[in-house]
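Visitor: I would like to go through this structure with you step by step, beginning with single residues and ending with the chain as a whole. Could you show me the sequence and the model before we start?

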Amino acid sequence: MKVKSKQFLQGIDSMFLISFGILVLLGLVILQTASSVTSFLEYGHPYHYFLNQLVEGVAPGLVLFLILSKIPYIFWRKVSFIGFIGVFLLNCLVLFPSFATSVNGATRWINLFGIGFQPAELLKLALLLYIA
């Protein structure tokens, strides 16, 4: 009797995964080569920024990727317009001083519930989903 093994990444394009992996690795290599001297001077070891990006950027992004890859694309088609409008309104909050935060002289950040982010980054993703 033959037992079927369940693949966790079943249904994800292998060329996409390879391209994704290469881009992440190249980004980490470039970050390491560009920041090793500064990292050593500021923190005493040359891998501070590399490890920080790995722990705070790559790991959560990978987990989010694996979770979101299990959601059928039909769902994204249904919620894309609502998401676009919501993120657009979130972008408008930058115009109100009670929500906006200035960083380096530019008021492009919002601080909601103690989390600071740029709503323009979410707008890029929402626009791509809506157009697609």
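Visitor: In which helix is S39 found?

Guide: This is a predicted model, and the answer should be read with that in mind. The helix that holds S39 covers residues 14–43, and the name of that helix is α1.

Visitor: Is S39 buried or exposed?

Guide: A residue counts as buried when its relative accessible area is under 20%. The relative accessibility of S39 is 0%, and because this value falls under that cut-off, S39 is classed as buried.

Visitor: Which residues does S39 touch, leaving out those up to four places away in sequence?

Guide: Contact here requires heavy atoms within 4.5 Å. With neighbours up to four places away in sequence set aside, the residues that S39 touches are G44, H45, P46, Y47, H48 and Y49.

Visitor: What is the relative accessible area of S35?

Guide: S35 also has its place in helix α1. S35 is classed as buried, and its relative accessible area is 9%.

Visitor: How many Å apart in space are S35 and H45, C-alpha to C-alpha?

Guide: H45 is one of the residues touched by S39. Along the sequence, S35 and H45 are separated by 10 residues, while in space their C-alpha atoms are separated by 11 Å.

Visitor: Which residue forms a salt bridge with E121?

Guide: Side chains of opposite charge can pair when their charged atoms come close. A search of the whole structure finds one salt bridge, and its two residues both lie in helix α4, residues 119–131, three residues apart, or about one turn of the helix. The closest N and O atoms of the pair are 3.2 Å apart, and the partner of E121 is K124.

Visitor: How far apart do the centres of the positive and negative side chains lie?

Guide: The chain carries 8 positive side chains and 4 negative ones. Taking the centre of each set, the distance between them is 22 Å.

Visitor: What radius of gyration does the chain have, set against a compact globule of 132 residues?

Guide: Read along the sequence, the chain follows the pattern α-α-α-β-β-β-α, and its C-alpha atoms fill a box of roughly 65 × 45 × 25 Å along the principal axes. Buried residues make up 14% of the 132 residues. For a compact globule of 132 residues the radius of gyration would be near 14 Å, whereas the value for this chain is 19 Å.

Notes: Residues are numbered from 1 along each chain as its sequence is written. This is a predicted model: local features need pLDDT of at least 70, side-chain atom pairs count only at pLDDT 80 or more; totals for chains, interfaces and linings use all residues. Side-chain values use heavy atoms; hydrogens and water are left out. Helices (H or I, at least four residues) and strands (E, at least two) are DSSP runs, numbered from the N terminus. The radius of gyration is taken over C-alpha atoms; the globule rule is 2.2 Å times the number of residues to the power 0.38. Buried means under 20% relative accessible area, exposed over 50%, partly exposed in between (1.4 Å probe, protein chains only). Lys and Arg count as positive and Asp and Glu as negative; His and the chain ends are not counted. The place of a charge is taken as NZ of Lys, CZ of Arg, CG of Asp or CD of Glu. A salt bridge is a side-chain nitrogen of Lys or Arg within 4 Å of a carboxyl oxygen of Asp or Glu.
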